[in-house]
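Reader: Hey, can we go through the charged pairs in this one together? I'm new to this, so plain words please.

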Amino acid sequence: MLTDDEIIDLFRDMETDRVERKRNLHAVRDRILQAICAFSNDLPNHRRPGVVFVGQEDNGTCSGTDIDDQLLQAIGGMRSDGQILPFPIMSVRRMEIDGCTVAAITVAPSAHPPVRYNGRTWIRVGPRRAAATLAEEKILEEKQIWKNLTFDYRACGTATVDDLNLARFEEEYVPAATSRDIQRADDRETIQKLKALRMVTPQGAATNASVLLLGQNCVAHINGAYIQFVRYNGLEMTDEIVDQKEIHGTVPDQVRALESLLRINIRTAASIGGGARTESSDYPLRALEQICRNAILHRNYDSSTMPVKIHWYANRIEIINPGGLYGEVTPENIFSNVTAYRNPLLAEGMKNLGIVERFGVGLKIARADLAKNGNPELEFQFEPNITMFVVRSAQ
């Protein structure tokens, strides 16, 4: 990112277009997010990070804002709350410069522009920060760096644009991923929209993410891209199988079909006492949904042909996905909002389509719902190539 001296120089420089100054967080949170988006896009092509100083007035004086840990955590949470996609590369720290305490938000240029905040692309050129025009979006598309990419960004070797459901892309994905004013003014051909949303490479090849999100036959191109559901009438895999299904289709369709299946299999008991009826379930639905979405999103689609497996026993459910913990995520911090994405473009697509509401909190929600429902603590097992969560019944 930047050294302390470089940040101090930017703090003092009133002419640079690599700085935005905000007196506090809460009154202008929306503008701070716009600024982070704009610095990520780096339309002027500085190829250097920009900085948002919270606690500094536009004229360079100190606003006197209290830069406490709660504020720093709130700013840090902006990175992965799903409002800015793809995820910005940013850091935040408290600094004292010339007697003024500020939060310095350092934002690096993205390798995958255009970056959007709530579906709208923001840019900064000189003193201007504004929503990008279609022409400016085109410039950003041409800046994409298609090397050292995660699997979902790379071209799918066996699929072409003809293997994608383009009607679904136009009718569902474009409205979900872009703002209404962009849609009204957008007369580009479908292939240009696919490029703008990173569903195809600049050369026009379908990406692996587009196959997972829009493919007409995902498993034909990505072998393990399905879910295996097995319910046993006992405690072991050798016991009688009472239900078995393979769930295919796009990742969004798989998630919806699996969650319908989970709902059907949850057992709810009713009791009447004191004139009141109470119900209790062996598993809370939302907890299972969160754990399963986590498995589908974070699995290894690249080098494993194993599906996501849901094994439902008489006393527990095992949710298994290929791929160990990724990036900076460890067994010690996995429940602490630490996020690293093996499949960031797939994550972006799932967020756009409303399948994921917020990033980094799914497992925390699951643990809270399990405790509230009376289930034992969520168990987990992390291996180099496998991740497994075990949910035990409350009944």
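Reader: Is R293 buried or exposed?
Author: R293 counts as buried, at 16% relative accessibility. Buried means under 20% relative accessible area, exposed is over 50%, and partly exposed is in between (1.4 Å probe, protein chains only). This is a predicted model, where local features need pLDDT of at least 70, side-chain atom pairs count only at pLDDT 80 or more, and totals for chains, interfaces and linings use all residues. Residues are numbered from 1 along each chain as its sequence is written, and side-chain values use heavy atoms, with hydrogens and water left out.

Reader: Cool, and which side chain does R293 meet in a salt bridge?
Author: That's E259, at 2.6 Å from N to O. A salt bridge is a side-chain nitrogen of Lys or Arg within 4 Å of a carboxyl oxygen of Asp or Glu. R293 sits in helix 10 (residues 285-298) and E259 in helix 9 (residues 251-265), 34 residues apart. Helices (H or I, at least four residues) and strands (E, at least two) are DSSP runs, numbered from the N terminus. E259 is buried too, with a relative accessible area of 11%.

Reader: New topic: how many salt bridges does a search of the whole structure find?
Author: It finds 28. One of them joins R94 and D69, with the closest N and O atoms 3.0 Å apart. R94 is in strand 4 (residues 89-97) and D69 in helix 3 (residues 69-77), so this pair ties together parts 25 residues apart in sequence.

Reader: How exposed is R94?
Author: R94 is partly exposed, with a relative accessible area of 40%.
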